[in-house]
Amino acid sequence: RLQRRDEAVQAYDQAAGGFWACHRRDGTEDLLVLLDENTGAVVPNVFGGGTEDYAVIGDVEGRVDCEDLALNTDTDTLFGVFDQGGAPRVATVSEADGSTTPLTVDLGYGEVNGIGFSRAGELLGLTSTGVLLVIDTTTGFAGPRSALVFENYEGLTCATNPNPNCGDGNPDVGEGCDDGNLVNGDGCDAYCQLEDGETCATSDQ
């Protein structure tokens, strides 16, 4: 069985009951494993028709270093950012066999060490120098969102909303508003809280 060595790159999957992780291997393709959410141990027999503990992650046009993983829970699609020589690219990663499908273009930034999905469904990336990116999940094109204060970032995790009813159009306890979506900038933010300067005309908004 696979022995734990370096599974620092992880994406939580509630439906699978664990964390998808890249098991690092120097100079060759990394391995996709599922870590138990309670014990942290590699979950056995997840791949290969229930006979293998891991799957080899396919190289992304020559890139074999898996820098981070992020799961889009709305579509159950696993994304990874891969690098080899400073030209990172995002690809989808099959949870069944580890195969990859590269997005169209490189990210255009030298080191992107972390990716994660925001509550609003945006794929965000973080460079080692502290530039926060928004990444198009179809093309892979990345544009800057903001610059952070520090440098040498190694990962990115986005907080999820603990309220599953946010966005259903019905204000619940703890919500300052609920306009039926998870979009920022329309008066009611992606966490169902009123944005600065906004008020609700009635209690059912």
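Two strands count as paired if DSSP finds at least two bridges between them. I begin there because the hairpin of β9 and β10 rests on that definition. One note before the details: what you see above is a predicted model.

In that hairpin, five residues lie between the two strands, and one residue, G121, takes a positive phi near 90 degrees. The strands themselves, β9 and β10, are joined by five bridges and pair in the antiparallel sense. Within this pairing, I115 stands opposite G125 in β10.

Now the chain in general. It has 205 residues, and buried residues make up 39% of them. There are 12 strands and zero helices. Going along the sequence, the pattern is therefore one β after another, β-β-β-β-β-β-β-β-β-β-β-β, where a strand is a DSSP run of at least two residues. The accessible surface is about 10,600 Å², with 47% of that belonging to carbon and sulfur atoms. Of the contacts with a separation of 6 or more, 40% are between residues 24 or more positions apart.

Back to the hairpin strands, and the sheet they belong to. Which strands form this sheet, and in what order? Four strands form an open sheet, in the order β9-β10-β11-β12, with antiparallel pairing. The edges are β9, residues 112-117, and β12, residues 142-147; each has a single partner strand, so one side of each has no neighbour in the sheet. Direction ignored, neighbouring strands here are turned by 30 degrees against each other on average.

Inside the sheet, β10, residues 123-127, is joined to β11, residues 131-135, by four bridges, and these two strands run antiparallel. G125 turns up again at this point: its bridge partner in β11 is L133. On the β9 side, as I said, G125 faces I115.

Is β9, an edge strand, enclosed or open to the outside? Six of its six residues are buried, so β9 is largely enclosed by the rest of the structure.

Next, the nonpolar cores. The largest has 16 residues, and those with the most contacts inside it are W20, L32, L69, L78, F82 and V93. Five strands each supply at least two residues of this core: β2 (18-23), β3 (31-36), β5 (65-72), β6 (77-83) and β7 (89-93). The largest share, three residues, comes from β5.

Take L78 as an example from this core. Leaving aside neighbours within four places in sequence, L78 is in contact with A11, W20, L32, L69, A70, L71, A91, T92, V93 and E95. Apart from this core lies another, of 13 residues, including A70, V112, L133 and I135. L133 is the residue we met as the bridge partner of G125.

Last, the aromatic residues. How many aromatic pairs does the whole structure have? A search finds three. One of them is formed by W20 and F47; the pair is tilted, at 6.1 Å centre to centre and 50 degrees between the planes. This pair links distant parts of the chain, since W20 sits in strand β2 and F47 in the loop between β3 and β4 (55-56), 27 residues apart.

Why does W20 count as buried? Its relative accessibility is 4%, and the cut-off for buried is under 20%. F47, at 2% relative accessibility, counts as buried too. W20 is also among the residues with the most contacts in the largest core.

Definitions and conventions. Residues are numbered from 1 along each chain as its sequence is written. This is a predicted model: local features need pLDDT of at least 70, side-chain atom pairs count only at pLDDT 80 or more; totals for chains, interfaces and linings use all residues. Side-chain values use heavy atoms; hydrogens and water are left out. Axes are lines fitted to C-alpha atoms, for helices over the stretch in contact, and angles run from 0 to 180 degrees between N-to-C directions. Buried means under 20% relative accessible area, exposed over 50%, partly exposed in between (1.4 Å probe, protein chains only). Contact means heavy atoms within 4.5 Å. Accessible areas come from the Shrake-Rupley method with a 1.4 Å probe; for residues, only the protein chains shown count as cover. A nonpolar core is a set of buried Ala, Val, Leu, Ile, Met, Phe, Trp, Tyr and Cys residues joined through side-chain atoms within 4.5 Å. Rings of Phe, Tyr and Trp (its six-membered ring) pair if their centres lie within 6.5 Å; planes under 30 degrees apart count as stacked, over 60 as edge-to-face and the rest as tilted.
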